[in-house]
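User: I'd like to poke at the labels on this one. Take me through the reasoning behind them, please.

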Amino acid sequence: MADWLDELLEAMPTEPYPPDLAAQVQIRLAKTRRWSKWVQNGVRLVMVMTGALGFWLLMPRVEMLVTAISPISLARIEEWLSAVVRSPGEALLGLSGMAITWVSQLAAGLEAELVLALGLLAAPALYGVISLLSSGISQEEAII
Amino acid sequence: MKRWRMMVVIIALAAALIMFVSVLLSDLTWWSRPLGSMSMVRTPHRAWRLALVQDAGIRVNFAVLLAGLVTQFVAGVLVLYLVPCRVHHMAHAIAVGWRQLLRYLVVGILLAIVLAVVGLLSILALHTMPLLIILAMFFFLASLGGVVALTYQLGRVLLSQAGWSEGSPLMSLALGTSIIYAITRIPFFGWFVLVLLWLTGVGVAVATRLGSGKPWSLLPLMEDS
């Protein structure tokens with residue numbers, strides 16, 4: 001019964017291999033590894049720079065972002081809970097209305113620079129997550 | 001082993017003590033109130049004792065403490081019964097060592113950034129708007145699973161060191177829950193620990209692919225080509 005090794009053996013050239021084949025393979029392998037390390041370091045540098053740029057763009061707008069995000073206070077939650085006790089249907093309608101208002105306010109508050117900063121911040125974070133998750137497994141299984 | 005048994009008992013007692021003190025301390029109005037005003041007719045030592053029972057703030061604190069502890073434990077029990085294999089995988093992933101745990105924390109922090117940004121940006125388009133809620137739910141559920149695995153593993157390690165590992169896994173969960181809950185009740189520091197725990201929890205859950213133990217991979221898609 002022929003398996004894949006037999007098939008590989010058949011596909012191999014019949015003439016004798018050159019004496020420096022092993023050395024050539026090792027040189028090629030080292031070159032490929034060096035190149036992939038260079039690429040990896042380059043990508044890391046770009047990601048760090050992207051993250052730093054995103055952070056730098058985001059810092060002056062943090063206050064605006066926090067103001068836009070946080071209209072939800074404890075008093076509002078208490079108010080809503082007492083509305084639920086009084087009339088659950090109305091409270092649910094009120095909540096959906098509040099959610100839509102909040103989302104539209106938040107969307108209006110997101111300036112182009114802020115969107116760009118968030119995007120720049122997310123890219124290296126995602127790269128970091130992928131690198132960390134795939135570093136413990138074989139290259140074949142890794143996230144590509 | 002005897003030393004470990006003593007240590008487990010001391011840790012459990014310390015957790016109970018922290019919880020008890022937090023009930024008294026977290027309501028600062030009770031402490032700021034002059035003792036004499038609690039009861040003019042009572043003798044001082046009796047006033048102290050009665051104040052613990054009669055003070056509404058402390059009663060509320062005690063109720064909140066009990067409710068939180070029971071909720072956390074019952075949620076853990078539910079997770080253990082619903083997905084025991086996944087909790088087992090996550091607990092094993094945590095048991096590898098501190099470096100691995102730190103890696104999970106970093107994964108959690110980075111994932112929190114990614115999910116927050118994607119959630120925020122998703123509200124800009126109408127069709128991606130529900131992503132904000134879906135991602136928040138995913139983050140919450142993943143963190144819950146991870147934190148349950150963390151608490152279970154903590155209790156399991158302590159009980160196995162003490163030679164009490166033959167008992168039910170619920171014992172490990174109960175011990176882990178009481179220790180972690182007590183730590184999170186410490187003012188200011190507790191919040192910091194809680195945030196670290198949730199981030200590590202989400203990191204563990206995501207790194208183990210929600211406890212499935214399989215790697216994150218696009219290999220099935222590559223096999224098609």
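User: Why is B:F20 called partly exposed?

Analyst: B:F20 has 15 other C-beta atoms within 10 Å. A residue is buried with 20 or more other C-beta atoms within 10 Å of its own, exposed with 12 or fewer, and partly exposed in between, with C-beta atoms placed from the backbone. Since 15 falls in between, B:F20 gets the partly exposed label. B:F20 sits in helix α1 (residues 2–25) of chain B. B:F20 and B:I183 are 163 residues apart in sequence and 12 Å apart in space, C-alpha to C-alpha.

Analyst: Some ground rules: this is a predicted model, where local features need pLDDT of at least 70, side-chain atom pairs count only at pLDDT 80 or more, and totals for chains, interfaces and linings use all residues. Residues are numbered from 1 along each chain as its sequence is written, while chains are lettered from A and ligands numbered from 1 in the order in which they are written.

User: What is the helix and strand count of chain B, and what is that of chain A?

Analyst: Chain B has ten helices and zero strands, and chain A has six helices and zero strands. These are DSSP runs numbered from the N terminus: H or I with at least four residues for helices, E with at least two for strands. Of the 225 residues in chain B, 31% are buried; for the 144 residues of chain A, the buried share is 8%.

User: How do you know that the length of α6(B) agrees with what a helix should span?

Analyst: The expected span is 1.5 Å times one less than the number of residues. With 25 residues, α6(B) should span 36 Å, and its end C-alpha atoms are 35 Å apart, so the two agree.

User: Which elements do the buried residues of α6(B) pack against?

Analyst: They pack against α6 (112–134) of chain A, together with α7 (131–161) and α9 (189–207) of chain B. The buried set in α6(B) includes B:Y104, B:L111, B:V114 and B:V117. B:V114 touches A:A122, A:A125, A:L126 and A:V129, leaving aside residues up to four places away in sequence. Touching, or contact, means C-beta atoms, placed from the backbone, that lie within 7 Å.

User: What makes up the contact between chain B and chain A?

Analyst: Chain B puts in 20 residues and chain A 21 residues. On the chain B side, helix α6 (residues 98–122) gives the most, eleven residues. By class, that side has 18 nonpolar, one polar and one charged residues. The classes go like this: Ala, Val, Leu, Ile, Met, Phe, Trp, Tyr, Cys and Pro are nonpolar, Asp, Glu, Lys and Arg are charged, and the others, Gly among them, are polar.

User: Which residues touch the most other members of the largest nonpolar core?

Analyst: B:V114, B:A149 and B:V204 do, in a core of 53 residues. Such a core is a set of buried Ala, Val, Leu, Ile, Met, Phe, Trp, Tyr and Cys residues joined through C-beta atoms within 7 Å. The largest share, ten residues, comes from α7(B).

User: Why are α7(B) and α8(B) called roughly perpendicular?

Analyst: Their axes cross at roughly 110° and come within 7 Å. Axes are lines fitted to C-alpha atoms, for helices over the stretch in contact, and angles run from 0 to 180 degrees between N-to-C directions. Under 35 degrees is roughly parallel, over 145 roughly antiparallel, 65 to 115 roughly perpendicular, and the rest oblique. The crossing angle lands in the 65 to 115 window, so roughly perpendicular it is. By class, the contact has eleven nonpolar, five polar and one charged residues.

User: What is unusual to check about phi at B:R209, and why is B:R209 partly exposed?

Analyst: B:R209 has a positive phi of about 55° although it is not a glycine. As for exposure, B:R209 counts 15 other C-beta atoms within 10 Å, so it is partly exposed. B:L210 also has a positive phi, near 55°, and isn't a glycine. B:L210 has 19 C-beta neighbours inside 10 Å, so it too is partly exposed. B:R209 is in the loop between α9 and α10 (219–224) of chain B, and B:L210 is in the loop between α9 and α10 of chain B.

User: Why does B:G119 count as partly exposed?

Analyst: B:G119 has 18 other C-beta atoms within 10 Å, so partly exposed applies. B:G119 lies in helix α6 of chain B and touches B:L131, B:L132, B:L135 and B:A136, not counting residues up to four places away in sequence. B:G119 and B:L135 are 16 residues apart in sequence and 6.6 Å apart in space, C-alpha to C-alpha.

Terms used:
Contact = placed C-beta atoms within 7 Å.
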